[in-house]
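Trainee: Please take me closely through the nonpolar core of this model, and then through the charged pairs and the nonpolar surface, so that I can follow them in the viewer.

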Amino acid sequence: MTALPASRTRARTGAPARVRTRRRLALPYLLLLPALLLELLVHLVPMLMGAVMSLKELTQFFIRDWTAAPWAGLDNYAVSVDVDAPVGQALLKSFGTTCVFTLASVALCWLLGTAAAILLQDGFRGRGLLRTLFLVPYALPVYAAVITWAFMFQHDNGVINHVLHDQLGIGDTPAFWLIGDNSFWALLTVSVWKGWPFAFLTLTAGLQNIPRETYEAAALDGAGVWRQIRHVTLPSLRPVNQVLVLVLFLWTFNDFNTPFVLFGKAAPEAADLISLHIYQSSFQTWNFGTGSAMSVLLLLFLLLVTGGYLLLTSRGRRTRA
């Protein structure tokens, strides 16, 4: 029996190997394809439709066929950013309220999450129970949790006024928490209560990557608890905090469910977040073109802030390296 040449044998055995390699490399992309298609359908397509709607004079007269609405060009954007007109003034004020609310909420969520994660870092009796209790607000459905808070903030029979006014004697009269200036503090309380467990969970995971030997070496050098937190814990958590702060900022700035469930369709002026403001501009005045323009402006702002934040943090990492 005549033996095949070595070159022909390598060609026959090499081709199936290359096919298997290509299939193995293509398998992850094929598995991701359904998720990418759903992402395109659920997020990107509505986003593009909203951008097109922002260029049209889309009112209640064109709800049945929004494609028939006349083109407005950039007029909707001009109306939205005109701070001398009522629409632009209201949007600017809502934007300022949202910025203050977001900064306060993110700072408090991070502070509470960091403190809880550090306090529960070392093992002690009951630590597992405390961790479970701390994660309850994060695990609860948003609507159920916010509706419960809305009942607690009621003026006449809410538990907040019962404790503060009736039990502790704070204030001459029970406060109105869901209207007026106090609505901002009520919204901030609910947002922090709902968001800080995520910071706690993320930072707890980050603390697991810090070697105990680092703390022991710092203690041998005479560093107390606060110096260990300042010079060991916080620097080691910097990569985690960079992602955590960005995620909390985006979630809080875009939050619609919390103010909508807490106040209804019309939020008080002190708690007029931009997400609810855009909803009111679209579905109460029936001017979907202007509302879509506001949404696109919000998207551009968040993209700009995210890009600037990532640029600054990446430069900081390169400088430290």
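Mentor: What follows starts in the core and works outwards.

The model is a predicted one, in which local features need pLDDT of at least 70 and side-chain atom pairs count only at pLDDT 80 or more, while totals for chains, interfaces and linings use all residues. Residues are numbered from 1 along each chain as its sequence is written, and side-chain values use heavy atoms, with hydrogens and water left out.

The largest nonpolar core has 42 residues, and those that touch the most other members are Phe153, Leu187, Leu207, Leu248 and Leu262. (Such a core is a set of buried Ala, Val, Leu, Ile, Met, Phe, Trp, Tyr and Cys residues joined through side-chain atoms within 4.5 Å; buried means under 20% relative accessible area, exposed over 50%, and partly exposed in between, with a 1.4 Å probe and protein chains only.) At least two residues of this core come from each of the helices H3 (86–119), H6 (142–152), H8 (182–207), H9 (212–220), H10 (225–236), H11 (238–253), H12 (257–263) and H13 (274–283), and H8 gives the most, with 12 residues. (Helices are DSSP runs of H or I with at least four residues, and strands are runs of E with at least two, numbered from the N terminus.) Apart from this core lies another, of 8 residues, among them Ile274, Ile278, Met294 and Leu302.

Within the larger core, Phe153 makes a good place to stop: when residues up to four places away in sequence are set aside, Phe153 touches Ile160, Trp177, Leu178, Ala186, Thr189 and Val190, where contact means heavy atoms within 4.5 Å. Gln280, in helix H13, is also buried, at 15% relative accessible area, and beyond its neighbours within four places in sequence it is in contact with Lys265, Ala266, Ala267, Asp272 and Thr285.

The charged pairs come next. There are 2 salt bridges, each defined as a side-chain nitrogen of Lys or Arg within 4 Å of a carboxyl oxygen of Asp or Glu. In one of them Asp255 meets Lys194 at 3.9 Å, N to O; because Asp255 lies in the loop between H11 and H12 while Lys194 lies in helix H8, the pair ties together parts that are 61 residues apart in sequence. Asp255 and Lys194 are both buried. Glu269 forms a salt bridge with Lys93, with the closest N and O atoms 2.1 Å apart, and since Glu269 sits in the loop between H12 and H13 and Lys93 in helix H3, this pair links parts 176 residues apart in sequence. Here Glu269 is exposed, at 53% relative accessible area, and Lys93 is partly exposed, at 47%.

At the surface, Leu30, Leu33, Leu37, Leu40, Leu44, Val45, Met47, Met49, Leu299, Leu300 and Leu303 form a nonpolar patch with about 950 Å² of accessible area together. (Patch residues have over 30% relative accessible area and no salt bridge; like charges are joined within 9 Å and nonpolar side chains, meaning Val, Leu, Ile, Met, Phe, Trp and Tyr, within 5 Å. Areas follow the Shrake-Rupley method with a 1.4 Å probe, and for residues only the protein chains shown count as cover.) Helix H1 (6–53) and helix H14 (288–320) are the elements that give two or more residues to the patch, and H1 has the largest share, 8 residues. Leu33, found in H1, is partly exposed, at 41% relative accessible area.
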